[in-house]
Amino acid sequence: MLRPVIMIGCGGSGSKAVRYVRDAVERKLRHAGVKGGIPDAWSFIGLDTLTVQEDATEIPTLPATDFLSVSLGLNKYSDVHDGLMVERPVTSSTYPSLVGWRPNPGDVNVPLLDGAGKFRAVGRLVGLLASTNELQKRIGRAFMAAKSGGPELGRISEALGVPSSLGSATPSPLVVICASVAGGTGAGIALDVVDMVRRVDDLGGFPVLVLFTADIFDFGVDDAMAANSLGLVSETMASYWGKQGDNFFPSLVPEPGSGPHALFFVGRHSLKGGDLGDTVSVYRAVGEAMSTWVTEPRVQEQIHNFITVNWASQAKNRMGGYPFGVEYQPGAVSSFGAATVSMGRDRFERWATDLLSPRDPPTTRRRA
């Protein structure tokens, strides 16, 4: 039986990547004749400060129930800041973790409903306010759906040619968080989302963090993006090796841990010089590749075994791993690639939909 999957996109890049994965999965189910669309045991969630999803004509948006605006409809940073201070006052046990990095409300003029403006600290603080209730509940529902989704996954597995025994136990879920290292929202909230996943359910003990590097963006890298990248990577390494993070979220599991269990970086270029071309192509390539983590049993098991069983021993042997002290620290960073052979049915479907459908005006049509 195929595994349940929980994929959470943080910020614009992370949410788009998850949308591309979901679209590829839905397409494969449709080609296999599966009715009913995406099963409940496969959760695809998007988080952003925006109240609407970006570029709806580029890739289908997530259902409204799967997209959460962490700004909670608040446009002024000062309102978010004051709300968080009411929730976590000076006398609270979590207040010390807010000292030293929290931006002064008088210094921030970013309209949150347009994004976090490449300010990681702003994105993180906004995410913390939303995390206590809405986000924690949504992630909790995803784990509940994963646990109860065995019968539906069994039916879909059979349709995809994967043997499934009636009444067999539901496998543990594959949990993936996606974000960019360079932006404000995604880079700000990614690690807190990882820690919340660990604390909401004991099945969240092996979260995978997939980070897009700044080179994927067509408009280049400025100083703010470089600073965000360095900051997030540094904090990720600290959480990965230290295993002790901020105690922002109450834990529902005995040993929640901290930081990602496995970490992958994805850029626009390969080690051998291959270039995916542009930002959209990166999202599409990653979406197609990671859709196999959901629907292809051999790939799914290879990924699961690598991140849960073999990660500590094998990550340091991968190109891009950094075991600075082999006897003290495991390798931390890896990456992945994928290749497919296709008869072109998916590409033809996109071409026919975009160029031959009378529903869309010419200005919204895309070339396959």
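Four short exercises with worked solutions follow.

This is a predicted model: local features need pLDDT of at least 70, side-chain atom pairs count only at pLDDT 80 or more, and totals for chains, interfaces and linings use all residues. Residues are numbered from 1 along each chain as its sequence is written, and side-chain values use heavy atoms, with hydrogens and water left out.

**Exercise 1. The chain as a whole**

Task: State how many helices and strands the protein chain has, and what share of its residues is buried.

Solution:
- Start with the elements. The protein chain has 10 helices and six strands. Helices (H or I, at least four residues) and strands (E, at least two) are DSSP runs, numbered from the N terminus.
- Turn to burial. Of the 368 residues, 49% are buried. Buried means under 20% relative accessible area, exposed over 50%, and partly exposed in between (1.4 Å probe, protein chains only).

**Exercise 2. A salt bridge between helices**

Task: Find the partner of R27 in a salt bridge, and say which parts the pair ties together.

Solution:
- Apply the rule. A salt bridge is a side-chain nitrogen of Lys or Arg within 4 Å of a carboxyl oxygen of Asp or Glu.
- Name the partner. R27 pairs with E288, and the closest N and O atoms are 3.1 Å apart.
- Place both ends. R27 is in helix 1 (residues 11–31) and E288 in helix 7 (residues 279–295), so the bridge ties together parts 261 residues apart in sequence.
- Check the cover. R27 counts as buried because its relative accessibility is 5%. E288, at 29%, counts as partly exposed.

**Exercise 3. The surroundings of H81**

Task: Decide whether H81 is buried or exposed, and list its contacts beyond four places in sequence.

Solution:
- Locate H81. Its place is in helix 2.
- Classify H81. Its relative accessibility is 8%, so H81 counts as buried.
- List the contacts (heavy atoms within 4.5 Å). Leaving aside neighbours within four places in sequence, H81 touches R102, P103, P105 and L125.
- Take one of them, R102. H81 and R102 are 21 residues apart in sequence and 8.8 Å apart in space, C-alpha to C-alpha.

**Exercise 4. An unusual backbone angle**

Task: Say where L72 lies, and what is notable about its phi.

Solution:
- Locate L72. It sits in the loop between strand 3 (67–69) and helix 2 (77–87).
- Recall the background. Most residues other than glycine have a negative phi.
- Read the angle. L72 has a positive phi of about 60°, although it is not a glycine.
- Check the cover. L72 counts as partly exposed because its relative accessibility is 34%.
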